[in-house]
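Subject: Structure handover

Hello,

Here is the structure we discussed handing over. Please look through it first; my notes come after it.

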Amino acid sequence: MRRFRPWQIAAAAAAVALLALLVWFLILRKPAAPSDTTPPPSALVTLTPLRQSAVAELVNAYGVIAGSAAASRTLAAPRAVIVAELLVTPGEPVASGAPLVVLTNTPATVLAYRQTTAAVDFAQSDLARVQRLYDQHLATNDQRATARKTLADAQAAAAAQVAAGAGDGRQTLAAPSAGVVGSVAVKVGDHVAADTPLLTLIASGGLVAQLGVEPTHAGRLAAGQAVALASPFDATRTTQSRLSVVGRQVDPASRLVTVTAPVSGAGLPLGAAVEGHVTVGSHPGYLVPEGSVVHDEGGAHIFTVSGGKAREVSVTAGDVQGVDVEVSGALTAGEPVVVEGAYQLQDGMAVRTRPR
């Protein structure tokens, strides 16, 4: 049996210890955490300087496009007639002299016309008879005067029938001027009495905006004040006008005070909904684009940028001024305000900017 020398035994023990230490180091040591090189989140935004400007004080009103009383004309049946044809519809533009409605006489109208013409013929014959008797000294001046008056009355009645169109089998009513058909009150086949309204025509340039205003604000309004008019459904249809009439009575149906402004150039049709913003004064304030104001459960706020980070600022939003809105709060004129990208921001979030 071979005997190991002491130095060999010591070398083997050292090797075993070294191997055990290496295994322990590899198995039991915790791996080092990898270095976090992910950059913090940031948002790409567009900035604009906070503007301080004169802010218009507005009174809001809502209503419809209608025809002014001065420009509206009602066409009525000149006699008892039957509506044979309707040639227009409400809202239709018409030229001066354009045919609107075709009428025919009722049987009663035909009878009345024949009676008046027969009365004229009889009065003429009777006057001739009385004149012959008068020439023969068989009739008095009073009898001749009575016969003349009877003829004159019959002729006047016949002239009235002719003026009303009773002598025509068919009569076409035409537009007295260019304009828009406001309303049609009858339909084909209707039998209508004399002086019954048939339709309403609004002359060109006679459209107005009839607006309702809260009674608490009506006291600040006066004729001549500027008003911006627009369609609530199409922001491109706008026009500038001035109040022409400011009512001083609350409408019992709407509970609003009616104000009126002429409309031109907006392309708004008769009966269209319209909103108006009446300028009643101004005051200094801050203006930002509407897209800058963020509304959430905490209220309204905007974001300014300082040191490359967003700063949330609570504000109170006021009236809309065109594409801008008035805001008030802890603000400084000229500080950069986020316009595009505001809804993705949080307070303290890093931002990257792009030119507007």
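The notes below go from the whole chain to its sheets, then to salt bridges and one single residue.

Overall

Please keep in mind that this is a predicted model. The chain has 356 residues, of which 35% count as buried. Its secondary structure consists of four helices and 22 strands. The accessible surface amounts to about 20,900 Å², and carbon and sulfur atoms account for 58% of that area. As for contacts between residues at least 6 apart in sequence, 74% of them join residues at least 24 apart.

Sheets and strand pairing

Two open sheets can be described strand by strand.

One is an open sheet of four strands in the order 3-10-8-5, with antiparallel pairing. Its edges are strand 3 (72-76) and strand 5 (93-94), each of which pairs on one side only. Strand 5 runs antiparallel to strand 8 (residues 179-184), and two bridges join them. Val94 has Gly179 in strand 8 as its bridge partner.

The other open sheet also has four strands, here in the order 7-6-4-9, and its pairing is antiparallel. Strand 7 (170-174) and strand 9 (191-192) are at the edges; each has a single partner strand, so one side of each has no neighbour in the sheet. Strand 7 is joined to strand 6 (residues 99-105) by five bridges, and the two run antiparallel. Within this pairing, Pro99 is opposite Ala174 of strand 7.

Strand 12 has pairings with two strands that I looked at. With strand 13 (residues 234-242), strand 12 (residues 226-231) pairs in the antiparallel sense over six bridges. The connection between strand 12 and strand 13 is a hairpin through two residues. Ala228 has Gln240 in strand 13 as its bridge partner. Strand 12 also runs antiparallel to strand 16 (residues 273-289), with four bridges between them. There, Ala230 has Glu275 in strand 16 as its bridge partner.

Salt bridges

How many salt bridges does a search of the whole structure find? The search gives eight. Three pairs are described here.

Arg220 and Glu57 form a salt bridge in which the closest N and O atoms are 2.9 Å apart. This pair links distant parts of the chain: Arg220 is in the loop between helix 4 (215-218) and strand 12, Glu57 is in strand 2 (residues 51-67), and 163 residues separate them. Arg220 has a relative accessible area of 42%, so it counts as partly exposed. Glu57 is partly exposed too, at 23% relative accessibility. That value is not under 20%, the cut-off for buried, which is why Glu57 is not classed as buried.

Asp126 and Arg129 form a salt bridge with the closest N and O atoms 2.7 Å apart. Both residues lie in helix 2 (residues 107-135), three residues apart, which is about one turn of the helix. Arg129 is partly exposed, at 39% relative accessibility.

Glu335 and Arg311 meet through their side chains in a salt bridge, at 3.3 Å from N to O. Glu335 is in the loop between strand 20 (324-329) and strand 21 (336-340), while Arg311 is in strand 19, so the pair ties together parts that are 24 residues apart in sequence. Are the two partners buried or exposed? Glu335 counts as buried, because its relative accessibility of 14% is under the 20% cut-off. Arg311 is partly exposed, with a relative accessible area of 36%.

Asp319

Asp319 lies in strand 19 (residues 309-321). With a relative accessible area of 29%, Asp319 is partly exposed. Which residues does Asp319 contact, leaving aside its neighbours within four places in sequence? They are Leu58, Asp324, Val325 and Glu326. Asp319 is also 9.9 Å from Leu287, C-alpha to C-alpha, with the two residues 32 apart in sequence.

Regards

Note on methods. Residues are numbered from 1 along each chain as its sequence is written. This is a predicted model: local features need pLDDT of at least 70, side-chain atom pairs count only at pLDDT 80 or more; totals for chains, interfaces and linings use all residues. Side-chain values use heavy atoms; hydrogens and water are left out. Buried means under 20% relative accessible area, exposed over 50%, partly exposed in between (1.4 Å probe, protein chains only). Contact means heavy atoms within 4.5 Å. Two strands pair if DSSP finds at least two bridges between them. A salt bridge is a side-chain nitrogen of Lys or Arg within 4 Å of a carboxyl oxygen of Asp or Glu. Accessible areas come from the Shrake-Rupley method with a 1.4 Å probe; for residues, only the protein chains shown count as cover.
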